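Colleague: Before I rely on any descriptive term, I should like to hear the reasoning behind it. May we go through the terms one by one?

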Amino acid sequence: MRVPISWLKDFIDINTTPEDVANRLNLSGLETTITKFGYYIEGLITVEIKDVQKHPQREKLNICKVYDGTELYQVVTADQSVKVGDKVILAKVGTKLPSKDINLVEFAGVKSEGMLISLEDLGLEEKSDTLFILDEDTSLGVDGSELLGLGEEIFEIEITPNRGDCLSVLGVAREVSAIFGFKKKDNIPTLNLLEKDVTIEVLTDDCYRYCGVVIKDVKVKKSPLNIRLKLIKAGLSPINNIVDITNYLLIQEGQPLHAFDLDKIEGRLTVRKAEDGERVITLDSVERVLSKDDVVIADDAKVLALAGVIGGNNSKITDETQNILLEVAVFDPISVRKTSKRLGISTDSSYRFERGIDIERVPIVRDKAVDMILSLAGGKVEGFKDLYIKPYKPSKIILSLQKIEKVLGEKLDSKECEGILNSLDIPTTLVDGALESVVPAHRYLDISRDIDLIEEIARIKGYDSFEPSYPKLSTQSFTLQREFDFFRKTREYFLSNGFTEVVNYTFTSEEFYQKLNLPVPTIKIENYILKSQSVMRDTVFAGLIETVRENLRFGRKDLSIFEISSTFFKDHEEIKVGILASGKLINGYNYTDREIKFSTTKEWDILTFKGVIENYLRSLGLFNFKITKSDKSYLHPYLSFNIEIDGKVVGYVGKLHPKTADQFEIHSNCYISELKLKYVPRILGESSLKDGYIYSCYINKLNPVYRDIPKYPPVKRDIAFVVNVDVKEGEFEEDLKLASEYIYRLRLFDVYRLSEDKKSLAYSVEFISPHRSLSDEEVNSLVDEILDKLKLKYNELTLRS
Amino acid sequence: MDIKAQLLQVKTDFESEVESVDNLQSLNEVKVKYLGKKGIITSVLKSLGSLSPEERREVGLIANKIKDFIEETLKTKEENLKTRELEEKLRKEYLDVTLPHSWHQIGYSHPVIATLYEITSIFISMGFSVESGPEVELEDYNFTMLNIPPHHPARDMQDTFYLNNGMVLRTHTSPVQIRTMLTKKPPISMVAPGRVYRKDLDPTHSPMFHQIEGLVVDKDISFRDLKGVLKIFLEAIFGKDIPIRFRPSYFPFTEPSAEVDIGCTVCKGVGCKVCKGTGWLEILGCGMVDPEVFKAVNIDPQEYSGFAFGLGIERIAMLKYQITDIRLLFNNDMRFLSQFEGIG
């Protein structure tokens, strides 16, 4: 909303600076900045065109003789519409316009003593079609800058959706008056209009009030300068006097109006719901297909306008219009909003209807409009009809001072509160120590409860006037922040282990899944910005690959990254951590003996990467995980595995399949893991502690229980087992551990391939008895027992001699 | 030569011999030569038998003194040599410790997540709990129960992504307020950090970003309490002297509502590009919980009052690290991220 200060002054006397006004508006709820209507330019004067001749050599140029009341100037202009008698503004030689300096120049031999200007030349319009034509009665030789009001302050105000009442000069004036105590004024004409039969019928509940006025014999022409300038300053383009008057009052009063060409209306005028498929070409020359939810103004033959949104082309005011029907109406906010949203048309009119109109002011606006039309376009009023279908019933609110104190935390003076509310035109009296307010029609959508009045009082008083205090937070609501701690631990583990934290969008493309031959996730954005960001991902993998590709563009192949993020499923979400390591191990330097070997020769490998993941689980106190086979198609079939805890898969680890790496054009020495951290239910009350998630395991894990430290020293034995090559070491080691209760610790120290089908696994084993020192012989027989036990499962097991 | 003179000669010999020793091995040889089973001193002591008792006592005394002397000297010499040898060994181990280390590097924190954790921690230390909710949310929780009915112009304040399952991507963390109040009884003091989505994309808007929501509900919570808590928080983040101002604003779920500005951290309030010349930076939105919201979650607005606030994490991170384009935060370009090593 743009409010020129001169327009504001029509309704209040302002005894302070524009900056002060803007600042106080800001602090009372209207976000306001000041812009200026251009700036004062020296050398602009008003002139009359006395003669127009075509340029002898340049047909696109006209040579004008212009007169400023004392002197005659010869000026060349490219404007084709200039005619003798027009009054325009001349920028004399020496004038500095925003875009250029005016010098004495010649156009193909014809000298030009200045330039006739348009609004574009002043930087006030993007593109002007013609010179800016002044009123016929403009005095000559007058300072052009002053005439146009260049440099005037315009308040640019952002109005929050609840403050429809401030979408007008009048509304802003009311605020300023309430803040500063400036006196309000208004010029309401006294007309004695006759309510006569104008046939209008309202056939829908979505029209609250419809007032139509018939005015005949008007003369459609350009509006006078002061009207045009105010519209321009408010950001609108002048069109003709009738349309300008409706726009003028829309800005000034906040009440949208519409004028129909009466002679284009066939038969009766009705306000009704449209029929499905009904069509109308609106003022913006677009054909609109209507639905039965739209409210229209129609005659017997056709739709004339979309109620409260936009007029139709068929009945618009043209230069030939002689008789008009003026509409001042109020429509249902939701109905207007639905039509405006569905058709994608937002107008100054629909914007205001959606936010509520002062229905009680309709007659005043009507009279102001009629008065302006009669004085600027002539004609006479034939009659009017005012169908006030939903009369405004003001409600009453009682506000106690205790409530004010409870909400704001401070006792306020009742007189002060009463004064503030009245200054906002909310009629308020003090009854038995409480405030009794009547909700005015201009605030009917926004104010209905005592809390709404408290806000009014607080904001006009100023929020800064309330001193901070500190609530006593109850220790009763204290809980351990285990979830937050869990995620913090996770994040810090990967950061300290050399992994960089990345954040990718959680939406991705269908192509990503198609490329991998994976099913596209079920949740999709219907009104996406980019098709490539329309699928809610069910894996963090998508983002990690994107990060690798992004960094490859700058030649960075070696990455170790992680991302903790949501993934999306039909009825729940999962927070996962994705970890990716690609290219060379980035661990600074590697020293062998006393020589430096730069580590950039060391590539990531599956067991190093496994260590990162395994240690993460261990850092959370989780040790009971199993390595099982992974079936992820995008992983290397032999260099990949799942991690299971308590029989549930919590994630996978693996090397990227070379085919996948190729598809995404990235480094093939790329390791990736994805772990399910936490289940996020969408249904209220469903537990997030589901099995198969690391957070659940972390929460449910048991504390370690202390066992006595052994009293007797261990006996160490190195044992090398010969097994078939397909034996899994991890499994074998588990079995070995369980084979004797005397095994205290063991450690694999050698794996050696003996032949095509045999390998040796060598362990350093420590035996301990809780009761005594073990002798060599005892240990020997323990080894024999172990061997016998293991042979039950590993038939061909032998000891390597 | 007389045996006494002989002994003195032995001492003199020993002294010069030990003097020239420069390693432990030679020292041991000297030790054996004088004190060994067949050593000089031993044989002198053995020969004492041929002397008269008086002589024996006198000579024995001298011999033992010399023996003690030799033992003492050898011991000292041995310690000296050992110290020297250790020093020598250590000297050989010399390494230029200004060389770069050979442990792995640490990872870089993401500035947004680091800021999110920092802010959350501030509230945890004030006694707030941390709550969370799904990102795919019911329209009811995201809008309607927050007093944003369907077809209300306030829905325009947040351009919404609609999903094919009839739900929305939450446009703010405020639905977590609803979820928390539906499952917990007051007193409540909670924050909800998380990802949110709006259909917006330019240098200052990203379709996905992060917010943190705060909510305090109890029997006597006032607007002044809201000012107090936010003052503590803003001073914790931006420093004790940061100017703070509260401006009336509008959010459907709070009444009265406010927007909070801090003095521009770049120009210190003088006016610059970042604050668009105003000297102030809009930092968060807040207000007293609207009674309609309480009604929607079955909390009696006559008995309880509360305040809520919400702020964008990206905005704070961008101010803190003077980042000019929000899109940098989601490109994951290492040339960008590597600038944020060790921030938290």
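Colleague: In which sense, left-handed or right-handed, does helix 10 of chain A pass helix 12 of chain A?

Modeller: The model is a predicted one. In it, the crossing of helix 10 of chain A with helix 12 of chain A is right-handed.

Colleague: Why is helix 10 of chain A called roughly perpendicular to helix 12 of chain A?

Modeller: Helix 10 (residues 401–408) and helix 12 (residues 450–461) of chain A pack at an angle of about 70 degrees, and their axes are 10 Å apart. Angles of 65 to 115 degrees count as roughly perpendicular. The angle therefore places helix 10 of chain A roughly perpendicular to helix 12 of chain A.

Colleague: Which residues meet where helix 10 of chain A touches helix 12 of chain A?

Modeller: Helix 10 of chain A contributes A:Lys403, A:Ile404, A:Val407 and A:Leu408, while helix 12 of chain A contributes A:Asp450, A:Ile451, A:Ile454, A:Ile457 and A:Ala458. By class, the residues of this contact are 7 nonpolar, no polar and 2 charged.

Colleague: What makes strand 9 of chain B largely enclosed by the rest of the structure?

Modeller: A residue counts as buried if 20 or more other C-beta atoms lie within 10 Å of its own. In strand 9 (residues 305–312) of chain B, 8 of the 8 residues are buried, so the strand is largely enclosed by the rest of the structure. Both faces are covered, with B:Ser305, B:Phe307, B:Phe309 and B:Leu311 buried on one side and B:Gly306, B:Ala308, B:Gly310 and B:Gly312 buried on the other.

Colleague: How many bridges join strand 5 of chain B to strand 9 of chain B?

Modeller: Strand 5 (residues 208–218) of chain B runs antiparallel to strand 9 of chain B, joined by 8 bridges. In strand 9 of chain B, B:Ser305 stands opposite B:Asp218. Strand 8 (residues 280–289) of chain B is also antiparallel to strand 9 of chain B, with 4 bridges, and B:Cys286 stands opposite B:Phe309.

Colleague: Why is A:Asp197 called exposed?

Modeller: The cut-off for an exposed residue is 12 or fewer other C-beta atoms within 10 Å. A:Asp197 has 10, and is therefore exposed. A:Asp197 is found in the loop between helix 4 (169–180) and strand 11 (200–202) of chain A. Its C-alpha atom is separated by 7.0 Å from that of A:Gly383, 186 residues apart along the chain.

Colleague: How many residues does each chain bring to the contact between chain A and chain B?

Modeller: Chain A brings 80 residues and chain B brings 74 residues. Helix 8 (residues 223–238) of chain B gives the most to the side of chain B that touches chain A, with 7 residues. That side of chain B comprises 38 nonpolar, 21 polar and 15 charged residues.

Conventions: Residues numbered from 1 in each chain as written. Chains lettered and ligands numbered in written order. Predicted model: local features only at pLDDT ≥ 70, side-chain atom pairs only at ≥ 80, totals over all residues. Contact = placed C-beta atoms within 7 Å. Helix = DSSP H or I, 4+ residues; strand = E, 2+ residues; numbered from the N terminus. Nonpolar A, V, L, I, M, F, W, Y, C, P; charged D, E, K, R; others polar. Axes fitted to C-alpha atoms, helices over the stretch in contact; angles between N-to-C directions. Parallel < 35°, antiparallel > 145°, perpendicular 65-115°, else oblique. Left-handed = near helix turned anticlockwise from the far one by under 90°. Pairing = 2+ DSSP bridges.
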